[in-house]
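Here is a friendly walk through one protein chain, taken region by region. Keep the viewer open as you read.

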Amino acid sequence: MADHHAQLDWNAQGQPSSRQYADIYFSQDNGLEETRYVFLANNDLPARCAALGAGEQLVIGETGFGTGLNFLCAWELFEAQAPADARLHFVSVEKHPLSHADLRRALALWPQLAPYSEQLLSCYVALHPGFQRLVLGGGRIVLTLMIGDATAMLTQLDARIDAWFLDGFAPAKNPEMWTQELFIELARLSAPGTTIGTFTSTGYVRRGLNEVGFQMRRVPGQGKKWEVLRGTFAAAPSQGGKPWFARPARQRGERRALVIGAGLAGCASASSLAARGWQVELLERHGDIAEEASGNPQGVLYLKLSAHGTALSRLIVAGFGHTRRLLERLHKGRDWDDCGVLQLAFDEREAQRQAKLAAAFPSDLLVSLTRDAAAAKAGVALATGGLFYPEAGWVHPPALCRQLIEHPGIRLHSHREALQLRRAGDGWQAWNGDRLIASAPVVILAGAADITRFAQCEQLPLKRIRGQISRLPASPSSSALSTVVCAEGYVAPARDGEHTLGASFDFSSDDLTPSSAEHAGNLRLLEEISSDLAERLQAGTLAPDSLQGRAAFRCTSPDYLPIIGPLADAQAFAEAYAPLARDARQVPQAPCPWLEGLYVNSGHGSRGLISAPLSGELLAAWLDDEPLPVPRDVAEACHPNRFALRRLIRND
């Protein structure tokens, strides 16, 4: 796929215009004042921000992110007017995002917005097609940037929008941004009282919005623009959907949560809730966080994608971007490195798969390299070329976990093992035998496959897969390795004088003692990756039983997607939706029998570095009734109820 970024021209005043659409991004007279009038004032945002109650949120939707000017102005207004504990969600779609360099150049036109634009620029990385979640303002400002065709992206959005900014290029220049299909999506995402503002006054836009339930009127414009449109949604909110994937009622009581398990999934869950004002108790049975699968010295940001747009592939692209933006806060070189990841085309089948991926994804996400180019990138000789992911690299997972829970709203309790959950009043109690160890209105189970020991989720089909890594002392010549290289296994550039090599897959063993047989297997993986690197590390002289390493259990589901979301009562679910066993096409409207306040975050497999951080945002969206950070069908593909649904339909 070619570069998907905007192609810009710059006039003598340093203002950008789109080469694709032959149109300007903002008024060349006073873009700042136009935004404040057309979008902020015409949506009554100054008064609405000031009227927000404690802990409430404002959700703004936008068509056409462009230079981000509207977003930054809304953020500036929100900071000035809204209560300190209110939150702003800004959901915007953009088919051709600006490159980082172009965005910086454009935003330099408004130095008064620098406190906000600098934060945006600092995390404006790894923005690839699909849903991308950016967390700003210390967690108070959330930007969900949907990169792709506006109508297609909005069709996938699950949100309730309070105010719309319609800011695509002019209808005459970009008619695809002003279709009736798009207006229908705006209506679906709106509720009575949702407002809308747009710079255009074109008749068919006004009529089209009126047809879907908005009440639009022309109002005076600014400068050379005589008229603009503003309106309010007056129709009934859209209903429908499948009740087993519906949102549970929002928790209205005490905002306290208990997270069980302090690996990457648990730390991410705690982090996202704490950023929203929750008080979180994090229970860990070991003496510290990241003691199990999240405790390896180096993990790889490995993107195993599909060219067919599967739910898993879209989750990976979204999760990769979110993780990469989080890593910018860590110490580069010690805690992470964006050295890139090279996936070798080690056989013909893999080469064919990679060719399809190279055609399906933009070159800033992945690029195909010949053997010579791949070897030059890696710094060691290789037998084949492959795909290179320039923004990927390695991470020290415990450092990421530590950074996630550095929040005054999170309290870690180590050596605290929960063995049983009991419902008590309006909340849950965690017990260890006859000892009550914690209680809260909301509980998130994030203990990998061990969550199935709780009766409430014993039917979830999670399995454990043992994996072992080997730690190889670096040599003077092995320091030439400059990127992660993967084939059936992986090897990473040195961290603290050691290379991480792995990882084995063992579906049968429950023993976590590192074995010399698996060290030997990892050394064979190294030879397959690069015999040159194996020689530099003198791998042939290493005795497997002398190597240091680490074994842990990955946790995965049958469809390889994680399990993220609210839990239902299994027996009541089967009774409520029993008709599906006779006819899977019908949609019984019985409300889902939720286990109120009980959520799960597990099954991340070997992709936890990519999927687990974003999973915290998805859980927080379920809990706080926020815009989902992934497409609706991806959230449903990760939903715990998918397994109970399949059992009913297949009569398992």
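## A glycine between strand and helix

This is a predicted model, and a good place to start is Gly263, which sits in the loop that joins β12 (256–260) to α9 (264–275). Which residues does Gly263 touch, once its neighbours within four places in sequence are set aside? Its contacts are then Glu284, Ala290, Ser294 and Cys401.

Ala290 deserves a second look. Although Gly263 and Ala290 are 27 residues apart along the chain, 4.5 Å separates their C-alpha atoms.

## Domains and database annotations

The domain assignment splits the chain into domain 1 (8–233), domain 2 (254–292 + 399–462 + 558–650) and domain 3 (341–390 + 463–556). Between the C-alpha centres of domain 2 and domain 3 the distance is 32 Å. Where these two domains meet, 14 residues of domain 2 are in contact with seven residues of domain 3.

UniProt offers its own view of the chain. An unreviewed entry there places "domain: MnmC-like methyltransferase" at residues 112–232. That span is 28% helix and 29% strand, and its end C-alpha atoms are 31 Å apart. The annotation "domain: FAD dependent oxidoreductase", also taken from UniProt (unreviewed entry), covers residues 257–622. Here the composition is 27% helix and 26% strand, with 14 Å between the end C-alpha atoms.

## The second largest pocket

If you are thinking about binding-site calculations, you may want to look at the pockets. The second largest pocket has a volume of about 890 Å³. Its lining is made of 30 residues, and those nearest the centre are Asp158, Ala159, Arg160, Arg247 and Arg632. By residue type, the lining of this pocket holds eight nonpolar, eight polar and 14 charged residues.

Which elements supply at least two residues each to the lining of the second largest pocket? They are β4 (57–63), α6 (150–156) and α18 (632–637). The largest share belongs to α18, with three residues. Why does this pocket lie between domain 1 and domain 2? It does so because domain 1 (8–233) and domain 2 (254–292 + 399–462 + 558–650) both give residues to its lining.

## Enclosed cavities

Searching the whole structure turns up three cavities of 30 Å³ or more. The largest cavity has a volume of about 50 Å³. Around it are Leu312, Leu315, Ile316, Tyr560, Pro562, Gly603, His604, Gly605, Arg607 and Ser611. Helix α10 (residues 311–327) gives the most to this lining, namely three residues. The lining of the largest cavity comprises five nonpolar residues, four polar and one charged.

The second largest cavity holds about 40 Å³ of space. How do its lining residues divide into nonpolar, polar and charged? There are no nonpolar residues, two polar and seven charged. The lining residues are Gly55, Gln57, Asp85, Arg87, Arg250, Arg255, Arg276, Asp624 and Glu626. Domain 1 and domain 2 both contribute to the lining of the second largest cavity, so this cavity lies between them.

## Strands, a sheet and a hairpin

As a reminder, strands of a sheet pair through backbone hydrogen bonds, either parallel or antiparallel. In this model, one open sheet has eight strands in the order β17-β18-β16-β26-β27-β28-β25-β29, and its pairing is mixed. The edges are taken by β17 (367–369) and β29 (548–556), each with a single partner strand, so one side of each has no neighbour in the sheet. Within the sheet, β16 (residues 341–344) and β18 (residues 386–389) pair in the antiparallel sense over four bridges. Leu342 has Phe388, in β18, as its bridge partner.

Another pairing to inspect joins β21 (residues 420–424) to β22 (residues 427–432): it is antiparallel, over five bridges. Ala424 has its bridge partner in β22, namely Gly427. In this hairpin there are two residues between the strands, and Gly425 takes a positive phi near 65°.

Technical notes
Residues numbered from 1 in each chain as written. Predicted model: local features only at pLDDT ≥ 70, side-chain atom pairs only at ≥ 80, totals over all residues. Heavy atoms only, no water. Contact = heavy atoms within 4.5 Å. UniProt positions renumbered as here; feature names shortened; annotations may be inferred. 1 Å grid on protein atoms, 1.4 Å probe; cavity = no way out; pocket = protein on both sides within 12 Å on 5 of 7 lines; lining within 4 Å. Points joined across faces, edges and corners; volume = space filled by probe spheres on them. Nonpolar A, V, L, I, M, F, W, Y, C, P; charged D, E, K, R; others polar. Domains from an automatic or database assignment. Pairing = 2+ DSSP bridges.
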